[in-house]
Amino acid sequence: MEEENHTGVVYFHFRPFSTNSTIASLVFVGFLLLYLGSLIGNLTIGLTVWQDHSLHTPMYFFLFVLATLELGYSTNIAPLTLASILSMGKMLISLPSCGAQMFFFILLGGSDCVLLAIMAYDRYVAICHPLHYNLIMSWQLCGQMTVGSLGLGFLLSLPLTILICHLPFCGHNEIYHFFCDMPAVMRLACTDTRIHQAALFAISVAAVAIPFLLICLSYGCIVATILRMKSTEGKRRAFSTCSSHLLVVVLQYGCCTLIYLRPSSSYTPEEGRAVSVVYTFFSPLLNPLIYSIRNQEVTVAVKRLLARVFWLGKPETFLPRKIIHQVRRD
């Protein structure tokens, strides 16, 4: 397989999951279903928050932004992965295309991690300073923090992408992965990559470790406040509003830590590819499910949206009477 044409452009190809066509077909169908599920789930969450005025609060605004980031994040990875599986690893991707995927991967993934820290701060203000919540969490501040998370993601992604794209590659450029992940691409360089590995670690600390510490600090204050509450019902409601976010945090940061916050000497391509499946295909699918199943307001709002979209004249078959009256008023 030619890895470099006469113009000097470097090409890569991804190692197939299996050389057996039957297994490859099963992997393709599985990944396609996960991708379609994540698209449907995040689109539903995004449209629900957008359409339902009862969800026009800072907490659900950040949920809308998270769903939008997840849409871009999964779409950046899945189509190329699915095409590679169909070609049994014969599809070529140029270095600029690979660099573009790395850039958006860091941009969206880094913004996602920072946004989860912002959402933890939102819960901290709501539980620890409820009387000042509307004053502190103004729409102006929400917008500034959202733009800031995207700006930080951009500043983290651009330098590292440029560094990696300027590496010399030689020999058999097979990426032992299903997308252009930075550690997997750097392993193919025929030069010393210690500076690039240090840069990747520094960016991982900024995008993963620091936001995670801020989340821990926020939830430390939240737990201390909840324990001081005298009402059992108040404690239950406070914990329920945080449980969905905590599940997403554990899933996201656990996978990122295993890949990017560990010594490069302990990195193995097999483990990297296995863990990456979780946060590139399963996580974007599970996030909307976690928020919709564990959040009654979102569940009711989704049912209202479905009643508007799939109005069949007899919504009584699947909607409570209270929701039916609300839909008809709207």
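**A tour of helix packing and aromatic pairs**

The crossing of helices H2 and H3 is left-handed. This is a predicted model, and the tour begins at that crossing.

**Stop 1: H2 against H3.** Select residues 58-86 for helix H2 and residues 95-128 for helix H3. Their axes come within 10 Å and cross at roughly 160 degrees. An angle over 145 degrees counts as roughly antiparallel, so H2 is roughly antiparallel to H3. Colour the contact of H2 with H3 by residue class: 17 nonpolar, five polar and four charged residues take part.

**Stop 2: H2 against H5.** Keep H2 displayed and add helix H5, residues 139-165. The two axes come within 11 Å and cross at roughly 25 degrees. The cut-off for roughly parallel is under 35 degrees, and H2 and H5 are therefore roughly parallel to each other. The crossing of H2 and H5 is right-handed, whereas that of H2 and H3 is left-handed.

**Stop 3: the whole chain.** Zoom out to place these helices in context. The chain has eleven helices and three strands. Read from the N terminus, the order of elements is β-α-α-β-α-α-α-β-α-α-α-α-α-α. The chain has 330 residues, of which 48% count as buried.

**Stop 4: a stacked pair.** The structure holds 19 aromatic pairs. Select Tyr 73 and Phe 105 and display their rings: the centres lie 5.6 Å apart and the planes are at 25 degrees, so the pair is stacked. Tyr 73 belongs to helix H2 and Phe 105 to helix H3, so that the pair can be viewed together with the helices of the opening stop. In sequence the two residues are 32 residues apart, and the pair links distant parts of the chain. Tyr 73 and Phe 105 are both buried.

**Stop 5: a tilted pair.** Next select Phe 178 and Phe 281. Their ring centres are 6.0 Å apart and their planes are at 55 degrees, so this pair is tilted. Phe 178 is in the loop between strand S3 (174-175) and helix H6 (182-186). Phe 281 is in helix H9, residues 269-293. This pair, too, links distant parts of the chain, with the two positions 103 residues apart in sequence numbering. Both Phe 178 and Phe 281 are buried.

**Stop 6: the cluster.** Which residues do ring pairs link into a cluster? Select Phe 17, Phe 31, Tyr 73, Phe 105, Phe 178, Phe 179, Tyr 260, Tyr 279 and Phe 281. The residues of the stacked pair and of the tilted pair are thus among its members. Now centre the view on Phe 17 and add Arg 273: the charged end of Arg 273 sits over the ring of Phe 17, 4.5 Å from the ring centre.

**Stop 7: Met 88 and Ser 25.** Finally, move to Met 88, in the loop between H2 and strand S2 (93-94). Met 88 is not a glycine, yet its phi is positive, at about 60 degrees. Is Met 88 buried or partly exposed? Its relative accessibility is 27%, and Met 88 therefore counts as partly exposed. Add Ser 25, which lies in helix H1, residues 21-51. Ser 25 is also partly exposed, with a relative accessible area of 41%. A distance drawn between the C-alpha atoms of Ser 25 and Met 88 reads 9.5 Å, while the two residues are 63 residues apart in sequence.

Methods: Residues numbered from 1 in each chain as written. Predicted model: local features only at pLDDT ≥ 70, side-chain atom pairs only at ≥ 80, totals over all residues. Heavy atoms only, no water. Axes fitted to C-alpha atoms, helices over the stretch in contact; angles between N-to-C directions. Helix = DSSP H or I, 4+ residues; strand = E, 2+ residues; numbered from the N terminus. Parallel < 35°, antiparallel > 145°, perpendicular 65-115°, else oblique. Left-handed = near helix turned anticlockwise from the far one by under 90°. Nonpolar A, V, L, I, M, F, W, Y, C, P; charged D, E, K, R; others polar. Phe/Tyr/Trp six-rings, centres within 6.5 Å; stacked < 30°, edge-to-face > 60°. Buried < 20%, exposed > 50% of the residue type's maximum accessible area, 1.4 Å probe, protein only. Lys NZ or Arg CZ within 6 Å of the ring centre and 35° of its normal.
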